[in-house]
Structures are given as C-alpha cells and as structure tokens.
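Here's a friendly walk through one chain, section by section. Have the 3D view ready and follow along.

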Amino acid sequence: MLSLRPNCECCGKSLPPAATDAVRRVMLALRPNCECCDKDLPPDSVEAMICTYECTFCSDCVSTKLKGVCPNCGGNLERRPIRPAARLLKDPASTERVFKPSGCTTPT
Ligand SMILES: [Zn+2]
Ligand SMILES: [Zn+2]
C-alpha cells in the first residue's frame with residue numbers, strides 16, 4: 001500500500017502534503033448511476049462506462065443510444081476501472097447522482 005512518504009528518497013527533499021492532496025483531487029468520483037437511464041452503477045459494476053470528464057453511463061446506453069460517444073462532451077466512453085474494495089473504505093465512491101435523460105442522444 002502507498003505509504004505517502006514525506007520526503008524524496010533520492011535527495012531527501014521534503015514533499016509537503018499539498019502534493020498528495022493534488023493527487024487525491026484527480027481521483028475518479030465513481031458516480032453511482034447512469035446519466036441516461038438512472039440505472040444503478042455500483043463501484044464494482046462492470047457495466048459502468050465513463051468519458052474523460054467522468055460523465056457516467058451504463059454499457060446498454062453507450063451501445064444502443066450513444067454509439068460510444070459522450071453526449072455531453074463528444075469524447076469517447078471507456079469501461080470504468082473498478083476500485084478495489086479495500087480502497088473504497090478509504091476513498092469511497094461518490095453518492096451524488098447525475099441524471100440527465102434529455103441529454104441521452106449523440107448531438108448531430
Ligand atoms: Zn443507462
Ligand atoms: Zn463527457
């Protein structure tokens with residue numbers, strides 16, 4: 001497990017906690033549902049798909065309605081990595097549901 005050591009092993013320079021805070025801020029939010037159909041997508045769901053901005057959809061909507069393209073930003077959607085249960089205890093998934101059924105079609 002990452003122990004967040006306080007200094008550089010090479011030169012001994014101290015690495016303030018701000019540096020590790022920055023790492024934490026880029027952590028995936030792991031949203032709990034599909035924006036399109038409001039289907040539940042728990043952190044260990046293999047159906048969850050995300051774009052680079054973490055717009056979150058289920059694989060059904062991605063393949064049938066969105067054709068693999070995020071309707072919000074136009075980027076591609078990929079399988080969301082699964083966060084191991086042990087890490088979820090420390091870094092829990094987001095509980096903030098995002099549901100935008102009107103935005104479920106790919107802009108043409
Ligand atoms: Zn869906
Ligand atoms: Zn997006």
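## Ground rules

Helices and strands here are DSSP runs numbered from the N terminus, with H or I over at least four residues for a helix and E over at least two for a strand. Keep that in mind when you look for C104, which sits in the segment after α3 (85-90).

This is a predicted model, in which local features need pLDDT of at least 70 and side-chain atom pairs count only at pLDDT 80 or more, while totals for chains, interfaces and linings use all residues. Residues are numbered from 1 along each chain as its sequence is written, and chains are lettered from A, with ligands numbered from 1, in the order in which they are written.

## The overall layout

What does the chain contain in the way of secondary structure? It comes to three helices and three strands. Starting at the N terminus, the order of the elements is α-β-β-α-β-α.

How confident is the predictor? Its confidence in each residue is given as pLDDT, on a scale from 0 to 100. The chain has a mean pLDDT of 88, with 87% of its residues at 70 or more. Among the elements, helix α1 (residues 17-25) has the lowest mean, 55, and β1 has the highest, 98.

A residue is called buried if 20 or more other C-beta atoms lie within 10 Å of its own, exposed if 12 or fewer do, and partly exposed in between, with C-beta atoms placed from the backbone. Buried residues account for 20% of the 108 in this chain. Two residues are in contact if their C-beta atoms, placed from the backbone, lie within 7 Å. Of the contacts with a separation of 6 or more, 53% are between residues 24 or more positions apart.

## The sheet

Strands of a sheet pair through backbone hydrogen bonds, either parallel or antiparallel. Two strands count as paired if DSSP finds at least two bridges between them. Here, three strands make an open sheet in the order β2-β1-β3, and the pairing is antiparallel. β2 and β3 (78-79) are at the edges with a single partner strand each, so one side of each has no neighbour in the sheet.

The antiparallel strands β1 and β3 are joined by two bridges. Look for M49, which stands opposite R79 in β3.

## The nonpolar core

In soluble globular proteins, nonpolar side chains tend to be buried together. A nonpolar core is a set of buried Ala, Val, Leu, Ile, Met, Phe, Trp, Tyr and Cys residues joined through C-beta atoms within 7 Å. Which residues touch the most other members of the largest core? They are M49, I50, F57 and L77, out of 14 residues in that core. β1 (48-50) and β2 (56-58) are the elements that give two or more residues to this core. The most come from β1, which gives three.

M49 has plenty of company from elsewhere in the sequence. Leaving aside neighbours within four places, its contacts are F57, S59, V62, L77, E78, R79 and R80.

## Loops worth a look

Two residues other than glycine have a positive phi: D38, at about 65 degrees, and E54, near 70 degrees. D38 belongs to the loop between α1 and β1, while E54 belongs to the loop between β1 and β2. D38 counts as partly exposed because it has 15 C-beta neighbours inside 10 Å; E54 counts as partly exposed because it has 14.

A29 is also found in the loop between α1 and β1. Not counting neighbours within four places in sequence, A29 is in contact with E54 and S94. Over in the loop between β3 and α3 you'll find I82. I82 touches P43 and D44, leaving out residues up to four places away in sequence. The C-alpha atoms of I82 and S45 are 7.3 Å apart, with their positions 37 residues apart in sequence.

## Back to C104

Is C104 buried or partly exposed? It counts as partly exposed, because it has 15 C-beta neighbours inside 10 Å. C104 is 68 residues from C36 in sequence, yet 5.4 Å from C36 in space, C-alpha to C-alpha. Beyond residues up to four places away in sequence, C104 touches C36, C61, K65 and P71.

Terms used
pLDDT = per-residue confidence, 0-100.
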